[in-house]
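Morning, everyone. I have one short chain to go through today. Please look at the sequence and the model on the screen.

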Amino acid sequence: DLRMVADGVEYEPIANAGGEVWYDKDGEAGQKHRCYVTIHFPTVDYNAAKKISLKQGTAEYRLK
């Protein structure tokens, strides 16, 4: 149930948006032996938004 919230408006990830999944064998993107994925959301105006966060369940990760 991952959501992006921009100024109180919730957005769902875009299904089949052509994201990438990769395995980081050597730690080039962060930590060795981890899988990474890109998730696409609808476009929001980052500069105009006052608050942007990602929410999953009760956890919230503030981006701006």
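Start at alanine 49. Leaving out residues up to four places away in sequence, Ala49 touches Asp7 and Lys64. Keep in mind that this is a predicted model.

Ala49 also belongs to the largest nonpolar core. Which residues make up that core? There are five: Met4, Ala6, Phe41, Ala49 and Ile52. In soluble globular proteins, nonpolar side chains tend to be buried together. As for burial across the whole chain, 12% of the 64 residues count as buried.

Now the secondary structure. How many helices and how many strands? Zero helices, six strands. From the N terminus, the order reads β-β-β-β-β-β. Why call the chain more spread out than a compact globule? Its radius of gyration is 14 Å, and the globule rule gives 11 Å for 64 residues; the value is well over the rule, so the chain is more spread out than a compact globule. Along the principal axes, the C-alpha trace spans about 40 × 25 × 25 Å.

Next, contacts. Take those with a separation of 6 or more. Of these, 41% join residues 24 or more positions apart.

On to the surface. The chain exposes about 5100 Å². Carbon and sulfur atoms supply 49% of that area.

Last, charge. The count is 9 positive and 10 negative side chains. How far apart are the centres of the two sets? They lie 6 Å apart.

To finish, back to where we began: Ala49 sits in the five-residue core, and touches Asp7 and Lys64, again leaving out residues up to four places away in sequence.

How values were computed
Residues are numbered from 1 along each chain as its sequence is written. This is a predicted model: local features need pLDDT of at least 70, side-chain atom pairs count only at pLDDT 80 or more; totals for chains, interfaces and linings use all residues. Side-chain values use heavy atoms; hydrogens and water are left out. A nonpolar core is a set of buried Ala, Val, Leu, Ile, Met, Phe, Trp, Tyr and Cys residues joined through side-chain atoms within 4.5 Å. Buried means under 20% relative accessible area, exposed over 50%, partly exposed in between (1.4 Å probe, protein chains only). Contact means heavy atoms within 4.5 Å. Helices (H or I, at least four residues) and strands (E, at least two) are DSSP runs, numbered from the N terminus. The radius of gyration is taken over C-alpha atoms; the globule rule is 2.2 Å times the number of residues to the power 0.38. Accessible areas come from the Shrake-Rupley method with a 1.4 Å probe; for residues, only the protein chains shown count as cover. Lys and Arg count as positive and Asp and Glu as negative; His and the chain ends are not counted. The place of a charge is taken as NZ of Lys, CZ of Arg, CG of Asp or CD of Glu.
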